[in-house]
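Me: I have a model open and would like to learn how to read it feature by feature. Please start with strand pairing.

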Amino acid sequence: MNNHVLLDVKELRKYYKVKSSGWARRKTALVKAVNSVSLTVKRGETFGLVGESGCGKTTFGRCVLRLEEPTSGQVRFDDVNVMTSQTQPLRKLRQKMQIIFQDPYSSLDPRHTIGRIIGEPLRVHRSLPPVKITPRIGELLEVVGLHPESAHRYPHEFSGGQRQRVCIARALALNPELIIADEPVSALDVSIQAQILNLLVDLQERYGLTYIFISHDLSVVRHIADRVAVMYLGRIVESAPSGDLYAHPRHPYTHALLSAIPVANPQKKSDEVVLEGDLPSPLDTPSGCSFHPRCPRKGEKCDRITPELQAIAGEQVVACHYPLVN
């Protein structure tokens, strides 16, 4: 890994308009799925993005690739402005940025063979003839641990882990530089999760890939990510190198998430932090710090002033008025 910034995201926002229920439907509310997120991803690293379901992780990933149009903000990929790129430049840019979707069952067209699915990017973006596409498909299948003859089979003939390998092969088809892995192992058995994670690590070393690894499972992210950012209700509340974040969490929300990771030792006393209340509705987020209704450390200004990310130590930054001191 080097220090060159491959992806630079500044003040990214994605708001959805939602009409209120009822016969009149006069009121319109905003769901702030991604609310002013800024981060950088260095070339060759794995950047982990974690948080509870519904915090905006997936929406962020899709906005970076412009699979969904952001409401505002800036995304620069290798110093190219993704937000202002038009159809043809964006099409060329997308060859360098690919995504692995969460569900390997719904992300593969059941009507097409595996070979056609993997070869589709080559036909669309490279306009290659079949005589050149077929060998490339066999090569990609071998790279992800599948037999080249699998190209003639259909998705329903594969297990969940094998389907995810097909999804990875499709993402690799155009030799991308950045891959956004959106919960790539959450739908798989634990034993298969380890195989897919090891495959992703091997591919990163082989091709010099850069990952944004999105997950709600901090124990998985711990083993693959170089740096980790924690999201809560559309905002990043803490970011740090992986070792620092797991050893010394500064935000109360990060601390609570880490304390909930199961420990395979029945003799060890649980230190789990139980948060009060439920996750607030994204239609009506709390004023000030959005975490304050559930925070065990909330103070007098938490419900009035929104905390900004501030440096704590080294590369560790936290958005909290009363951060933990370790």
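Reply: Start with β4 and strand β5 (residues 80-81), which pair in the antiparallel sense over two bridges. Two strands count as paired if DSSP finds at least two bridges between them. Strands (E, at least two residues) and helices (H or I, at least four) are DSSP runs, numbered from the N terminus. This is a predicted model, in which local features need pLDDT of at least 70 and side-chain atom pairs count only at pLDDT 80 or more, while totals for chains, interfaces and linings use all residues. Residues are numbered from 1 along each chain as its sequence is written, and side-chain values use heavy atoms, with hydrogens and water left out.

Me: Which residues are bridge partners between β4 and β5?

Reply: Phenylalanine 77 has valine 80 of β5 as its bridge partner, and arginine 76 stands opposite asparagine 81 in β5. The hairpin of these strands has two residues between them, and aspartate 78 there takes a positive phi near 50°.

Me: Which strand order does the sheet with β5 have?

Reply: An open sheet of four strands has the order β2-β1-β4-β5, with antiparallel pairing. Its edge strands are β2 (28-42) and β5, each of which pairs on one side only. Within the sheet, five bridges join β1 (residues 5-19) to β4 (residues 72-77). In that pairing, aspartate 8 stands opposite arginine 76 in β4.

Me: How should I read a helix placed against a sheet, and which strands does α1 lie across?

Reply: Look at contacts and directions. Contact means heavy atoms within 4.5 Å. Axes are lines fitted to C-alpha atoms, for helices over the stretch in contact, and angles run from 0 to 180 degrees between N-to-C directions. Helix α1 (residues 57-64) lies across β1, β2 and β4, running at about 115° to β1.

Me: How many strands form the mixed sheet?

Reply: Eight strands form an open sheet in the order β6-β7-β8-β3-β9-β10-β12-β11, and its pairing is mixed. At the edges stand β6 (97-100) and β11 (310-313), each with a single partner strand, so one side of each has no neighbour in the sheet. From one strand to the next, the twist averages 20°. Helix α6 (residues 190-207) packs on this sheet, touching β3 (46-50), β6 and β8 (210-215), and its direction makes about 160° with that of β8. For a pairing to inspect, take β10 (residues 235-241) and β12 (residues 316-318), which run antiparallel and are joined by two bridges. There, serine 239 has valine 317 in β12 as its bridge partner.

Me: Is glutamine 204 in helix α6 buried or exposed?

Reply: Buried means under 20% relative accessible area, exposed over 50%, and partly exposed in between (1.4 Å probe, protein chains only). Glutamine 204 lies in helix α6 and is buried, with a relative accessible area of 13%. Leaving out residues up to four places away in sequence, glutamine 204 touches Gly44, Glu45, Thr46, Leu209, Thr210 and Tyr211.

Me: How many residues of α9 are buried?

Reply: Seven of the eight residues of α9 are buried, leaving the helix mostly covered. Among them are Tyr253, Leu257 and Leu258. The buried residues pack against α7 (218-222), β9, β10 and α8 (242-247). Helix α9 (residues 252-259) lies across β9 (227-232) and β10, at about 105° to β9.

Me: How do I tell a pocket from a cavity, and which residues are closest to the centre of the largest pocket?

Reply: On a 1 Å grid over the protein atoms alone, a cavity is a set of points where a 1.4 Å probe fits but cannot get out; a pocket is an open set with protein on both sides within 12 Å along at least five of seven lines, and lining residues have an atom within 4 Å of a point. Grid points are joined across faces, edges and corners, and a volume is the space filled by probe spheres set on the points. The largest pocket holds about 450 Å³ of space. Of its 17 lining residues, the closest to its centre are Gln98, Ile99, Phe101, Pro121 and Arg170. At least two lining residues come from each of β6, α3 (114-126) and α5 (160-172).

Me: What about the largest cavity?

Reply: About 70 Å³ of space lies in the largest cavity. Of the 13 residues that line it, the closest to its centre are Cys289, Cys295, Cys302, Cys320 and His321.
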